[in-house]
Amino acid sequence: PGVKISTTPFTEHIDYVRLSKPCATCGKCNAVCPVYDVFQSEDMSSRGWFEIVTAPGYEYLNSKRVVEACVNCKSCRTICPAGVDVSDLILQRRAEHPNKLAGAIFAWQGRPWLFEPFIKLMGRTQGLWDRPLPRKLLELGFAPVLRFLAPTAKLPADMVLPRLAPRLLRERHAELTEEQGHQGPVAYFHGCAANYFMDGVGDAVIAVLRKNGIEPVLPRQQCSGTPIETYGHLERVKTYARFNVASLSRYEKIVTGCASCTLSLKDYPKWLQGEERKKAEAVAGKVKHISEFLAGEGLKVRPTKPCPKTVTYHSSCHLRAAQKIFERKRAAIRDSGAQVVATSCPACMIQLENGLRGEVDVRHIAELLREAYE
Ligand code: SF4
Ligand code: SF4
C-alpha cells in the first residue's frame, strides 16, 4: 500500500479504438463460423475478420485472402449478442473489389431472353454432355476461366450437377404467371434455382399450396440477390431489390421455397431509403418460407399418408456443406440412420447430393409434404 508501481496514468493503457468497436470479443461467432471450424485459426474466423476489416489500417491487398474466405452463411449475425453482422462488414469490403467474371455472369442472367434459351438448350442436351468424357473435357476447358471466379473454383467431372430444366418452372405453370394475367393474394417467389433446375422444389411448393386451397401467383421476379451480394455487386442487388419490391408489393402473402431467397427478401430494407425502404419493409414483413407459412397459417388440409422412411433434417447454410466439414456431416447423417435428409433450400440440396452421392436420399420438405398428400 502506498507504493506507486507506475508513473504512467492508467488511461494511457486503454485501447480507445478497441473500446469504440461494438464487438465484445466473446467468440460466440467463432463457434458457429464454418470457416473457423475448418481452419481453427483466429485469422480465419468471424471474430478475427471483424478485427481485420474494421482496423484503421485495413488494406484489401493485405487482407484479400480473409475478405474472400467468408462463405456468407450469416451464422455469425444470428448468434452475436452485440448485434454485430460480421458477414455484412466483410461483404462491404468485398464490394470495394467486385468479381468481374461473376459480374458478367450476373449481367447475362439478368437478360432472360439471352440466358434462358441457353439453360433450356443445356437442359435438353444434358444427357449428351453430362457424361464422364465430356465432363472431363468441360473440367479442363473451364479450369482457366473459373480461376477468375476464385483461385480454387473448379467444375470437377465427378461433381453431381443439378438437372437443368428443358422447360422452366414458369413455362410448366404458365397459367399461374403474372404475365398470363393470373391474380390472387398469395405470391410464390420461386427464385432462380426452382425455375432453372428440375429439382422438384417449385412443382412441390405449388402442389402443396394447391392442396391447401391456394392458387399462387408466380409474379415477375429477378434473382433475390444473395449470390450477387456474395460476389460484391451491390448496385445490381439494389436494382433487383427495387424490381422485386415493386413486383411483390401488391400481394398479401409472399411464399418462398428457398432459405437464401427468404433471407434476401427480408433484408431488402437495408438497401433502400425513404419511401422505397418503407415498401421494402412491408414486403419483408409478408415473406415466409413454405415451412413457416404452412406451420403458421397455411396448413388447411393435413397430409394423411405416413412417410415410410426415417427422415433427418439439415438446417444449416448450403455453403456450410460445401466446405471440408462435409465428412463430419455425412457421418452424422449416416449415424442418424435416416434414409432421407430433408432441407429447405435448393442450394443445400445440390451440396448435400454431392456429399452424400446417393447414400441417403435428399429431398426438399415441400416434396415430402407433396408425397404425404398423394
Ligand atoms: S462479433 Fe459478436 S459474437 Fe463475435 S466476438 Fe464480437 S460480440 Fe462476440
Ligand atoms: S458469414 Fe459465416 S463464414 Fe462468414 S464470418 Fe459469418 S459465420 Fe463465418
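**Note on the predicted model: salt bridges, ligand sites and a surface patch**

1. The structure holds 26 salt bridges, and the reader should keep in mind that this is a predicted model. One of these pairs is formed by Glu51 and Lys21, whose closest N and O atoms are 3.4 Å apart. Because Glu51 belongs to helix H4 while Lys21 lies in the loop between helix H1 (16–19) and helix H2 (28–32), the pair ties together parts that are 30 residues apart in sequence.

2. Ligand 1 occupies the largest cavity. Around ligand 1 there are 13 residues, of which Cys23, Cys26, Gly27, Cys29 and Cys80 come nearest. Sorted by class, the shell around ligand 1 consists of 9 nonpolar, 2 polar and 2 charged residues.

3. The second largest cavity is the space taken by ligand 2. Two or more residues of the shell around ligand 2 come from each of helix H3 (34–39), helix H4 (46–54) and helix H6 (75–79). This shell has 13 residues in total, and the closest to ligand 2 are Cys33, Cys70, Cys73, Lys74 and Cys76. By class, the shell around ligand 2 is made up of 8 nonpolar, 4 polar and 1 charged residues. Helix H4, which contributes to this shell, is also the helix in which Glu51 of the salt bridge with Lys21 lies.

4. On the surface, a nonpolar patch is formed by Ile105, Trp108, Trp113, Leu114 and Phe118, which together have about 520 Å² of accessible area. The elements that supply two or more residues to the nonpolar patch are helix H8 (100–109) and helix H9 (112–124). Which of the elements gives the most to the nonpolar patch? That element is H9, with 3 residues. Leu114, one of the patch residues, has its place in helix H9.

Conventions: Residues numbered from 1 in each chain as written. Chains lettered and ligands numbered in written order. Predicted model: local features only at pLDDT ≥ 70, side-chain atom pairs only at ≥ 80, totals over all residues. Heavy atoms only, no water. Near = heavy atom within 4 Å. 1 Å grid on protein atoms, 1.4 Å probe; cavity = no way out; pocket = protein on both sides within 12 Å on 5 of 7 lines; lining within 4 Å. Sits in = over half its atoms within 2 Å of the grid points. Helix = DSSP H or I, 4+ residues; strand = E, 2+ residues; numbered from the N terminus. Nonpolar A, V, L, I, M, F, W, Y, C, P; charged D, E, K, R; others polar. Patch = residues over 30% accessible without salt bridge, like charges linked within 9 Å, V, L, I, M, F, W, Y side chains within 5 Å. Areas by Shrake-Rupley, 256 points an atom, 1.4 Å probe, with all protein chains shown as cover. Salt bridge = Lys/Arg side-chain N within 4 Å of Asp/Glu carboxyl O.
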